[in-house]
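Q: Please take a close look at the aromatic pairs of this structure and at the surroundings in which their rings lie.

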Amino acid sequence: MSKGFNVPPVVFPSGGNPGPTAITQRRPTAPFQPRSANPIPFMSFDINSAAASTSFPVPHFGSGSIGGSSSNFDDEPPLLEELGINTKQIWSKTISILNPYRVNPDLHEDADLSGPFLFLMAFGLFQLLAGKIHFGIILGWVTVSALFLYIVFNMLAGRNGTLELYRCVSLIGYCMLPMVILSALSLFLPQGGVVIFVLAAVFVMWATRVCTRLLIEVAS
């Protein structure tokens with residue numbers, strides 16, 4: 001047998017119970033809909049609305065000087081000059097190396113690493129065209145030879161030694177130019193022949209003579 005339960009009546013706060021036919025309807029509202037009648041000015045997309053008055057003013061830059069200096073970029077020095085790369089000096093040093101009997105040591109008084117780095121990268125590139133990846137070997141041996149030259153020369157000179165490590169790297173880098181030329185010529189010569197050995201001996205003596213001459217003249 002089923003038992004009946006007594007359900008208490010539901011009392012609504014508005015007063016009175018709704019009829020069975022009463023239907024409560026709610027209008028759907030869009031999310032983030034403003035409650036006020038006037039929309040927010042900066043959310044309006046109407047060009048002619050009053051929101052245009054709330055826009056920020058466009059900054060105007062005058063043609064005058066800023067901080068006492070002219071804003072014209074024509075007065076700026078070239079990028080290579082700012083980096084300390086003198087292309088004319090590199091070219092003059094290169095021409096002086098090409099003649100082993102007329103080396104101008106005055107050009108090498110101002111040491112730099114731009115020219116040596118260019119020659120070493122060219123040397124490694126020619127070796128790469130020959131199928132040999134020797135970039136690390138080239139840079140490593142140049143560093144070791146510069147350290148060896150710096151230590152030996154200053155040990156022999158004693159307290160009067162004025163040869164710097166920076167200048168040693170510069171001298172050795174520029175004197176690698178004959179080896180760069182030999183590496184370029186070896187691409188067109190048969191490997192293992194008598195011609196390549198003779199050329200290698202000539203270019204090695206050329207590089208040695210130039211480096212020795214510069215070391216004697218530059219280092220007091």
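A: The account below takes the aromatic pairs in turn and then the helix that holds one of the rings. This is a predicted model, in which local features need pLDDT of at least 70 and side-chain atom pairs count only at pLDDT 80 or more, whereas totals for chains, interfaces and linings use all residues. Residues are numbered from 1 along each chain as its sequence is written, and side-chain values use heavy atoms, with hydrogens and water left out.

A search of the whole structure finds two aromatic pairs (rings of Phe, Tyr and Trp, the last by its six-membered ring, with centres within 6.5 Å; planes under 30 degrees apart count as stacked, over 60 as edge-to-face and the rest as tilted). F119 and Y174 make an edge-to-face pair, at 5.8 Å centre to centre and 80° between the planes. Because F119 belongs to helix 3 (residues 114-129) and Y174 to helix 5 (residues 165-174), this pair ties together parts 55 residues apart in sequence. Helices are DSSP runs (H or I, at least four residues), numbered from the N terminus. F119 is buried at 9% relative accessibility, and Y174 is buried at 0% (buried means under 20% relative accessible area, with a 1.4 Å probe and protein chains only).

F203 and W206 form a tilted pair, at 5.5 Å centre to centre with 40° between the planes. Both residues lie in helix 7 (residues 194-218), three residues apart, or about one turn of the helix. An α-helix has 3.6 residues a turn, so residues three or four places apart point the same way. F203 is buried at 8% relative accessibility, as is W206 at 17%.

Helix 5 is mostly covered, with seven of its 10 residues buried; among them are R167, L171 and Y174. The buried residues of helix 5 pack against helix 2 (87-98), helix 3, helix 4 (135-157), helix 6 (177-185) and helix 7, where contact means heavy atoms within 4.5 Å.

Conventions
Helix = DSSP H or I, 4+ residues; strand = E, 2+ residues; numbered from the N terminus. Buried < 20%, exposed > 50% of the residue type's maximum accessible area, 1.4 Å probe, protein only.
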